[in-house]
Amino acid sequence: MNIKIRELFRSALLFFITVILLLLASCSPMVMTTGVSEPPPPWFYPNRLEVVRYVYFPEYHFYYDLSARTYLYLDGGVWVRRKVLPPQYRNLNLRRSRYERVKGYRDDNIRPYHEENNANRGRSNRTTTRSNRNTTRRNN
């Protein structure tokens, strides 16, 4: 009788350990994109479930399309899609680079999004020159 209770206890313990491991495995981060059969690149590690298509690297001014697996960047004023980065960016460690998820934009043409959201990043937003206080002195 003692042996049956031990076996039952072992089976129950093994069942609970399996359930706990399955629950922990299901808590890992996920990315949902349309038309993706491969996992995202190793540098892209999301921290929650999101539906994104593009990732933007603001320091370098290029995008990565998760569904097409291509980089998008300006080349001579024209947006191009390439599987690899241009030579000046190939030595970048994208795992350490800051990136932003482009939420809610699914169109194939990135130009309208970029012009609306990121075209003036890092540039001065001043359109007029500052007036110098010392030039308008009153003579008393």
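**Exercise 1.** Find which residue shares a polar contact of 3.0 Å with the side chain of aspartate 65, and state whether aspartate 65 is buried or exposed.

*Solution.* Step 1: the side chains of aspartate 65 and arginine 53 are joined by a polar contact of 3.0 Å. A polar contact is a pair of N or O atoms within 3.5 Å; within protein, one must be able to donate a hydrogen and the other to accept it, and residues adjacent in sequence count only if both atoms are side-chain atoms. This is a predicted model, in which local features need pLDDT of at least 70 and side-chain atom pairs count only at pLDDT 80 or more, while totals for chains, interfaces and linings use all residues. Residues are numbered from 1 along each chain as its sequence is written, and side-chain values use heavy atoms, with hydrogens and water left out.

Step 2: aspartate 65 belongs to strand 3. Strands (E, at least two residues) and helices (H or I, at least four) are DSSP runs, numbered from the N terminus.

Step 3: the relative accessible area of aspartate 65 is 0%, so the residue is buried. Buried means under 20% relative accessible area, exposed over 50%, and partly exposed in between (1.4 Å probe, protein chains only).

Step 4: leaving aside neighbours within four places in sequence, the contacts of aspartate 65 are Arg53, Tyr54, Thr70, Leu72 and Arg81. Contact means heavy atoms within 4.5 Å.

**Exercise 2.** Describe how strand 4 and strand 5 pair, and say what lies in the turn between them.

*Solution.* Step 1: strand 4 pairs with strand 5 (residues 78-82) in the antiparallel sense, over 5 bridges. Two strands pair if DSSP finds at least two bridges between them.

Step 2: the two strands form a hairpin with 2 residues between them. In the turn, glycine 76 has a positive phi of about 65°.

Step 3: across the pair, tryptophan 79 in strand 5 stands opposite leucine 74.

Step 4: tyrosine 73 also lies in strand 4 (residues 70-75). Tyrosine 73 counts as buried because its relative accessibility is 9%. Beyond four places in sequence, tyrosine 73 is in contact with Phe62, Val78, Trp79, Val80, Arg82, Val84 and Pro86.

**Exercise 3.** Two residues other than glycine, histidine 61 and arginine 69, have a positive phi. Locate each one and classify its exposure.

*Solution.* Step 1: most residues other than glycine have a negative phi.

Step 2: histidine 61, with phi near 60°, is in the loop between strand 2 and strand 3. Its relative accessibility is 37%, so histidine 61 counts as partly exposed.

Step 3: arginine 69, with phi of about 60°, is in the loop between strand 3 and strand 4. At 14% relative accessibility, arginine 69 counts as buried.

**Exercise 4.** Identify which residues of the largest nonpolar core touch the most other members, and which strand gives the most to this core.

*Solution.* Step 1: a nonpolar core is a set of buried Ala, Val, Leu, Ile, Met, Phe, Trp, Tyr and Cys residues joined through side-chain atoms within 4.5 Å. The largest has 14 residues, of which Phe57, Phe62 and Tyr71 touch the most other members.

Step 2: strand 2 (50-57), strand 3 (62-65) and strand 4 each give two or more residues to this core. Strand 2 gives the most, with 3 residues.

Step 3: another core, of 9 residues, lies apart from it and includes Tyr56, Val102, Tyr105 and Ile110.
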